[in-house]
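This report describes how two chains are arranged, how one sheet is built and which parts lie near DNA. Look over the sequence and the model before reading on.

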Protein chains: 2
Amino acid sequence: MNQRLPVQGAQGDLLRLVATGRAESRAELARLSGLAASSVSLRVEELIDAGLLAEEGSGTSRGGRRPRRLRLSSGAGVLAVADLGSHHVRLGLLDLSGAPLVIEERGCEIADGPQATLDAIADAFDELLAEHVPPGTPLRGVGTGIPGPVDPATLRVVNPSRMPGWNDFPVAGHLANRYDLPILVENDANLMAAGEARWWPERENLMVVKAGTGIGCGLIVNGHLHRGRGAAGDISHVRVLSDSSILCACGLPDCLEAHASGAALMSVLRESGIEVTRTADVVTLVNDAVPEATSLVRTSGRRIGEVLTVLVNFFNPDVVAVGGSLSAAEPLVTSIRAAVWELCLPLATRDLEIVPARAGRDAALLGAGALLLDAALTGR
Amino acid sequence: MNQRLPVQGAQGDLLRLVATGRAESRAELARLSGLAASSVSLRVEELIDAGLLAEEGSGTSRGGRRPRRLRLSSGAGVLAVADLGSHHVRLGLLDLSGAPLVIEERGCEIADGPQATLDAIADAFDELLAEHVPPGTPLRGVGTGIPGPVDPATLRVVNPSRMPGWNDFPVAGHLANRYDLPILVENDANLMAAGEARWWPERENLMVVKAGTGIGCGLIVNGHLHRGRGAAGDISHVRVLSDSSILCACGLPDCLEAHASGAALMSVLRESGIEVTRTADVVTLVNDAVPEATSLVRTSGRRIGEVLTVLVNFFNPDVVAVGGSLSAAEPLVTSIRAAVWELCLPLATRDLEIVPARAGRDAALLGAGALLLDAALTGR
DNA sequence: GTCACTTCCTTCGATTTCGAAGATAAGCCG
DNA sequence: CGGCTTATCTTCGAAATCGAAGGAAGTGAC
């Protein structure tokens with residue numbers, strides 16, 4: 001039941017506009033796509049005949065005839081997406097609009113190596129498909145997030161830390177053996193950024209900070225994920241000022257990650273005798289108003305904010321969205337905001353929004369869906 | 001003799017490809033534009049009839065029939081471009097391909113205010129047009145670089161330092177009163193980046209550092225100038241580490257610009273009794289192997305490099321090009337390179353080129369030409 | 001209820017674009 | 001020199017797209 005989307009030419013643009021929720025009538029499609037209204041009608045007709053779009057009642061009038069509302073056909077297909085962490089994987093199925101049909105979390109040791117891990121994910125996909133998708137609904141794409149750098153040219157993992165056996169492994173190639181479909185392999189922070197971007201349709205330039213066990217960042221430029229040469233978005237290895245020096249895993253001292261990541265906070269808390277095992281524990285402590293934890297999170301936010309200052313001046317985004325498990329601790333965003341406001345050029349911060357991420361914990365999965373939809377519609 | 005380019009639809013893309021030197025035969029146009037070869041032939045025919053393109057002999061064979069070489073018609077039009085500095089303005093005329101017909105430098109006090117300055121520039125354009133352009137060759141666009149921030153939405157100058165009377169002045173509006181043509185108003189570092197980008201046709205993501213009296217930076221993302229909300233590219237107000245503290249004009253201490261700009265180097269040199277009046281004097285001292293000057297430039301490069309480290313990790317460009325008058329001092333690029341190489345992630349620096357800018361001292365004018373051509377071809 | 005107006009969508013002839021086929025003009029090779 | 005290959009460019013019928021006109025289905029004023 002796997003097959004590529006049978007769209008060609010302008011159909012792809014139209015289907016994308018409906019799938020992403022930007023248009024839900026022929027008139028809106030015409031406005032947004034730039035095509036003539038007559039052409040839109042013809043293409044929509046074809047998409048309905050192909051079983052990809054469906055008409056559903058009518059929308060609200062804007063002062064004239066009511067539009068006939070278009071939506072994705074429920075049988076148009078599903079996407080299988082995963083987000084791989086060190087000790088677990090979140091995975092699920094989405095419809096083409098990116099709406100989740102089912103999402104679940106499973107245990108999974110990334111240290112078991114790529115073959116075992118990827119096969120386990122694919123088996124999980126098969127289970128979910130059998131259980132949650134009506135027979136006949138085709139799978140249209142498969143994607144996964146990786147907690148490490150991915151070379152966009154080869155879709156291989158490069159120089160990952162904490163992923164033994166994965167270096168240079170052709171992740172996409174391995175999956176392509178099992179699925180003759182568009183395959184997406186992408187860094188997890190980038191996926192999160194792509195997911196967050198869906199929530200800011202009117203903004204073009206976003207920085208999405210992932211503050212969790214580590215610190216990552218994804219960049220949306222002109223509405224599209226910026227990959228650079230594959231390493232773009234790293235903010236964790238910037239040197240920060242501090243009293244005590246900490247050596248980072250990268251070999252240099254006093255990286256942001258070594259001082260401000262969830263892992264760093266946990267090790268400080270443990271030294272002062274407070275038991276924590278996961279980043280979420282830190283958040284719990286903060287919400288329980290444990291002073292040591294709150295103070296640490298504030299300092300962490302301040303440091304992240306100081307680093308962001310440089311990047312905000314340089315990149316001048318519309319929005320800085322702060323996500324990741326640590327962002328659930330409210331002082332984090334507050335102190336990031338304070339630092340950026342204080343140290344940035346006024347010109348760079350006027351109209352800048354610094355806010356908690358909107359997309360929630362499944363941001364990466366939704367981002368995978370968004371990118372896969374694009375891949376499926378552009379034919380690769 | 002001013003008139004907008006009479007191009008429509010696909011003609012614009014084709015003309016741009018020829019003007020920017022990326023294509024010079026119908027076959028190349030077909031490959032690069034994605035249009036069918038037959039459509040290309042038809043549009044080229046029209047462009048020739050309109051007097052915009054001309055056929056000129058034949059190119060070299062690639063194993064088959066030789067292509068009929070296309071070039072811009074010499075009567076296709078000219079662009080008038082200026083780059084405004086504090087005490088002078090460089091201005092000139094370019095053909096549509098961006099090749100200079102005439103470029104000259106004039107004295108001009110930016111402190112005289114926008115009206116006087118812009119009128120003087122326009123008068124200079126008129127002189128140059130009368131003198132260097134055959135009658136009947138139309139002017140197709142007017143553009144100027146500004147040594148301060150420009151709001152891309154309104155094309156006004158915002159919060160400029162050292163430009164009394166310019167704040168919020170509608171530069172484009174004023175010029176539009178005199179020319180009913182595409183008008184370009186852009187920050188000078190951005191123009192420089194756009195000019196440099198022409199020299200890197202095969203690279204998508206560039207950082208172009210302008211190291212002169214001040215320090216600026218322009219950003220090319222996916223081949224296009226990134227403006228952000230209008231302030232993108234600022235790197236001069238990043239805090240750097242140093243023994244002695246210097247207060248920057250922005251109100252905060254130890255900005256990069258306060259320590260590493262040409263102006264900063266000059267003031268240090270003057271304190272040690274060495275007479276310098278312009279950034280070029282510093283370069284001369286370095287080339288004469290005056291140890292104090294060389295050492296200062298090295299330190300400056302080191303500091304710029306340390307700042308770039310953060311940005312290279314984050315933005316992961318293909319190329320960092322270093323221009324501006326100070327870049328003529330060879331140790332500058334060398335020490336920038338050394339710092340970035342030492343402190344960046346290996347993944348971000350693999351295949352990264354850090355090199356002196358290719359476009360030379362007229363980079364900003366050429367950049368203005370490039371952007372104006374786009375503006376003229378897209379109809380605004 | 002009627003009339004003016006707006007918006008949505010379709011019809012239909014004109015225009016643009018495509019793509020397959022062929023004409024043109026080379027280089028290569030014996 | 002004459003075939004073979006390759007690349008460039010044009011011709012021509014088919015398909016896609018456009019835009020003007022009009023029908024359909026609403027809102028709001030009177």
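**Strands and their pairing**

Two strands count as a pair if DSSP finds at least two bridges between them. In this predicted model, strand 11 (residues 215-221) and strand 12 of chain B are joined by two bridges and run antiparallel. Across this pairing, B:Val221 stands opposite B:His224 of strand 12 of chain B.

**The sheet in chain B**

Strands 11 and 12 belong to an open sheet of five strands in chain B, ordered 12-11-10-13-14, with mixed pairing. Which strands stand at the edges? They are strand 12 (224-225) and strand 14 (353-356) of chain B. Each of these has a single partner strand, so one side of each is left without a neighbour in the sheet.

Two helices of chain B lie across strands of this chain. Helix 6 (residues 188-197) of chain B lies across strand 10 (206-211), strand 11, strand 12 and strand 13 (319-323), and runs at about 45 degrees to strand 11 of chain B. Helix 10 (residues 291-315) of chain B lies across strand 10 and strand 13, at about 160 degrees to strand 10 of chain B.

**Helix 6 in chain A**

Is helix 6 (residues 188-197) of chain A largely enclosed or largely open? Ten of its ten residues are buried, so helix 6 of chain A is largely enclosed by the rest of the structure. Among the buried residues are A:Asp188, A:Leu191, A:Met192 and A:Glu196.

**How the two chains are related**

A turn of 180 degrees, with a shift of 0.0 Å along the axis, lays chain B on chain A with an RMSD of 0.0 Å. The two copies are thus related as by a two-fold rotation axis. In chain B, the C-alpha nearest this axis belongs to B:Leu311, at 3.5 Å from it.

Of the interface residues of chain B, 100% are also interface residues in chain A, so the copies meet through the same surface.

**The surface near DNA strand C**

There are 25 residues around DNA strand C, and those that come nearest are A:Ser41, A:Gly64, A:Arg65, B:Ser38 and B:Arg65. By class, this surface has seven nonpolar, eleven polar and seven charged residues.

Helix 2 (26-33) and helix 3 (37-49) of chain A, and helix 3 (37-49) of chain B, each supply at least two residues of the surface near DNA strand C. Helix 3 of chain B gives the most, with four residues.

Technical notes: Residues numbered from 1 in each chain as written. Chains lettered and ligands numbered in written order. Predicted model: local features only at pLDDT ≥ 70, side-chain atom pairs only at ≥ 80, totals over all residues. Near = placed C-beta within 6 Å. Nonpolar A, V, L, I, M, F, W, Y, C, P; charged D, E, K, R; others polar. Contact = placed C-beta atoms within 7 Å. Axes fitted to C-alpha atoms, helices over the stretch in contact; angles between N-to-C directions. Least-squares fit on C-alpha atoms with pLDDT ≥ 70 in both. Buried ≥ 20, exposed ≤ 12 C-beta atoms within 10 Å, placed from the backbone.
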